[in-house]
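Ready for a few warm-up exercises? Take a look at the model below, then work through the tasks one at a time.

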Amino acid sequence: MCPGVESAGPAACPKCGMALEPERPATDIHIRYTCPMHPEVVQDEPGDCPKCGMALEPVQAIPEPEPNPELVDMSRRFWVSATLAVPLFLLSMGDMLPGRPVSSMLGHHARGWLEFLLALPICTWAAWPFFVRGWNSVLNRSLNMFSLIGLGVWVAFGYSTVAWLAPGLFPASFRGHGGEVAVYFEAAGVIVTLILLGQVLELRARERTHGALQALLQLAPIIARKLTPCGHERDIPLDQVAVGDRLRVRPGEKIPVDGVLLEGDSHVDESMLTGEAIPVAKIPGAAVAAATMNIDGTFVMEARKVGSDTLYARVIEMVGQAQRSRAPIQRVADTVAAWFVPTVIGIALVAAAIWALLGPEPRGAHAIIIAVSVLIIACPCALGLATPISIMTATARGASMGVLFRNAESIEALRQIDTLIVDKTGTLTYGRPSLVSMETARHVTEAELLWQAATLEQGSEHPLAHAIADAADKRELTRGALTEFRSLTGLGVTGHSGPDSLALGNTALMKQLGIEASDWSSRLMQASTSGQTAVLMAVNGRVTGLLAMADPIKPSTKNALDALRGLDVRIIMATGDSEETARTVASELGIDRFEAGMLPEQKMELVRELQSAGSKVAMAGDGINDAPALALADMGVAMGSGTDVAMESADITLVKGDLEHLVGAWRLSRATLRNIRQNLLFAFLYNGLGVPVAAGALYPVMGILLSPMIAAAAMSLSSVSVISNALRLRHLELGR
């Protein structure tokens with residue numbers, strides 16, 4: 001269809017007589033929602049998972065998502081809760097000082113009402129989502145962490161409310177020196193606040209996970225320039241491109257779909273797929289991929305794969321699927337809750353029944369208090385803190401050494417890794433070419449050779465030209481005047497500086513220009529086998545020297561890999577670079593296994609292969625091409641110097657892009673898991689000893705009956721022990 005020609009129905013173009021083509025409307029995307037922990041749960045509307053209570057997430061990536069409503073809601077509840085919990089805590093703890101200064105100043109009655117009014121919105125409105133999810137877990141017969149949270153908050157607040165509003169229900173043995181019944185509003189309020197904080201941190205981590213797909217989506221072009229059968233050109237939406245369409249791509253534009261070059265030539269930056277910084281020469285017949293960048297030429301291509309069939313779309317889908325396939329650490333908490341909750345409830349009911357039948361008078365009141373004591377001492381405060389407090393401390397410790405963990409799962413999973421796949425470019429190396437060596441002809445100095453090359457390359461935007469320019473700048477060499485510059489795709493560049501004719505490129509360029517270069521063949525071959533890219537410089541028809549470029553290995557890489565091997569980690573290099581370059585780098589770093597020429601899907605298959613063999617696999621990379629493998633691996637490690645997509649897809653980001661920091665992260669992971677196990681031991685020890693005592697097990701023998709006040713003190717002591725133990729991670733020695 002010619003530009004500007006439209007028709008309400010089938011007709012012929014009034015300009016060229018061709019039949020008009022129907023507009024293909026944009027496809028509406030139907031969003032479905034799934035649970036990150038239970039992928040089998042899928043529904044058409046957002047909501048909570050009936051099995052674990054987590055908020056469902058979109059299955060498909062949404063180009064411009066609205067703010068996460070659950071994160072907004074939980075953040076609001078947290079800040080309101082925190083604002084009220086601080087004075088509530090101070091009011092309660094203030095009376096633990098000599099002379100009970102708070103009650104002396106406000107009076108016991110006023111202090112109690114103030115605590116109740118502060119705790120009321122926290123334990124009702126702020127905690128409401130936990131009650132709903134906990135109740136749903138009962139209805140769905142799938143007890144989870146929210147069952148535990150809802151029960152603990154409800155019992156602590158419910159008991160305190162009854163104790164404050166109807167203290168006459170409680171016997172004298174549960175009253176303080178002034179005849180008061182103890183209340184625990186501060187415990188209920190602080191529990192809710194801490195749990196809300198954990199929810200906000202978790203939701204933010206999940207939000208960053210979606211950022212990987214959003215970053216990928218932003219790479220896609222939104223329009224394509226279509227050549228119509230009558231020879232005209234017009235811009236059309238990307239979703240209207242069909243297989244077989246002829247499209248024009250101009251310099252600086254992104255390639256819209258997968259296809260094949262028909263006319264013209266250019267260089268294409270394919271780093272988002274291969275990770276390689278050097279653009280690839282494209283001539284008619286060469287394949288091009290969607291979302292890669294056209295550098296310096298105009299060409300016409302034929303669309304071969306469109307929409308979800310393109311390699312770019314498959315990368316997006318692979319990242320999404322790999323992210324959804326991971327099982328969060330909350331599975332452990334749910335497993336514990338599945339037996340912990342009914343066990344505690346059962347003990348409380350049995351103890352209450354025994355005291356109601358056999359206990360001293362007043363039996364009914366004693367039965368209620370015994371049940372409350374059991375539930376309070378079993379309140380999941382310490383159990384809930386055991387993991388988060390260690391994780392928060394470890395996260396801060398990691399950040400201080402330049403290691404960013406995505407979430408708790410990242411820290412836990414790292415210690416189990418036994419195989420590390422590393423990308424080459426940007427991970428082991430700097431990710432950009434630099435001039436590493438020069439060889440000159442007789443009577444030509446290195447300074448003269450570099451001046452000649454820098455003068456000629458000042459007209460080029462090629463990465464090799466930047467490498468030569470950087471080397472010239474370091475030597476403070478000025479460039480000569482350049483005229484008649486030409487860039488020859490796949491060959492090199494030519495031009496004139498004053499009376500001199502200059503040429504820089506490969507042997508094919510020298511042959512085309514009739515320049516004898518056979519004497520340099522062995523040195524070119526040697527550079528190639530060393531993983532270097534070498535070009536010849538010629539002036540006035542004679543070769544004046546050879547310049548070799550390479551992507552240098554980071555100085556810290558070898559020590560880091562040696563240290564990782566010392567931790568019994570196997571190293572495998574997977575790169576999109578050539579076999580020769582990969583072999584050279586692997587040999588220098590002592591890497592036994594390497595895979596070269598790998599595309600994103602092949603890296604992902606390598607991860608699957610190793611996982612199916614029983615290995616726990618980490619993937620370290622910095623490019624978009626690494627994103628699917630980073631997401632699928634048991635642990636993804638991104639270089640902070642890499643792309644946003646790689647960092648969003650990874651579980652760990654090394655801010656300085658230095659693998660040496662990964663060694664410290666490994667040690668931190670192992671120490672953190674030891675710390676968590678110790679915390680859980682503390683939590684279960686207090687519950688294990690406290691629950692039988694609260695149930696009255698010592699009363700027949702020793703006459704000891706545990707009051708709710710002592711139960712709350714034991715609960716607080718377990719929390720203090722957990723927090724103190726976790727804070728030891730701040731001083732953990734990790735080395736470099």
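**Exercise 1: charges over rings**

Find what sits over the ring of tryptophan 125.

Solution. This is a predicted model, so let's read it as one. Go to tryptophan 125: the charged end of arginine 77 is placed over its ring, 4.8 Å from the centre. Now move along to tryptophan 520, where arginine 523 lies over the face, 4.1 Å from the ring centre.

**Exercise 2: stacked or edge-to-face?**

Classify the ring pair of phenylalanine 116 and phenylalanine 157.

Solution. Start with the total: the structure has 7 aromatic pairs. In this one, the ring centres are 6.4 Å apart and the planes meet at 5°; planes under 30 degrees apart count as stacked, so this pair is stacked. Next, place the partners: phenylalanine 116 is in helix α3 and phenylalanine 157 in helix α5, 41 residues apart, so the pair links distant parts of the chain. Both phenylalanines are buried. Finally, widen the view: ring pairs join Trp113, Phe116, Phe157, Trp164 and Phe185 into a cluster.

**Exercise 3: two rings on one helix**

Decide whether tryptophan 128 is buried or exposed, and do likewise for phenylalanine 131.

Solution. Both residues lie in helix α4, 3 residues apart, about one turn of the helix. Their rings form an edge-to-face pair, with 80° between the planes. Tryptophan 128 has a relative accessible area of 52%; exposed means over 50%, so tryptophan 128 is exposed. Phenylalanine 131 has 19%; buried means under 20%, so phenylalanine 131 is buried.

Key: Residues are numbered from 1 along each chain as its sequence is written. This is a predicted model: local features need pLDDT of at least 70, side-chain atom pairs count only at pLDDT 80 or more; totals for chains, interfaces and linings use all residues. Side-chain values use heavy atoms; hydrogens and water are left out. Rings of Phe, Tyr and Trp (its six-membered ring) pair if their centres lie within 6.5 Å; planes under 30 degrees apart count as stacked, over 60 as edge-to-face and the rest as tilted. Helices (H or I, at least four residues) and strands (E, at least two) are DSSP runs, numbered from the N terminus. Buried means under 20% relative accessible area, exposed over 50%, partly exposed in between (1.4 Å probe, protein chains only). A charge sits over a ring if NZ of Lys or CZ of Arg is within 6 Å of the ring centre and within 35 degrees of the ring normal.
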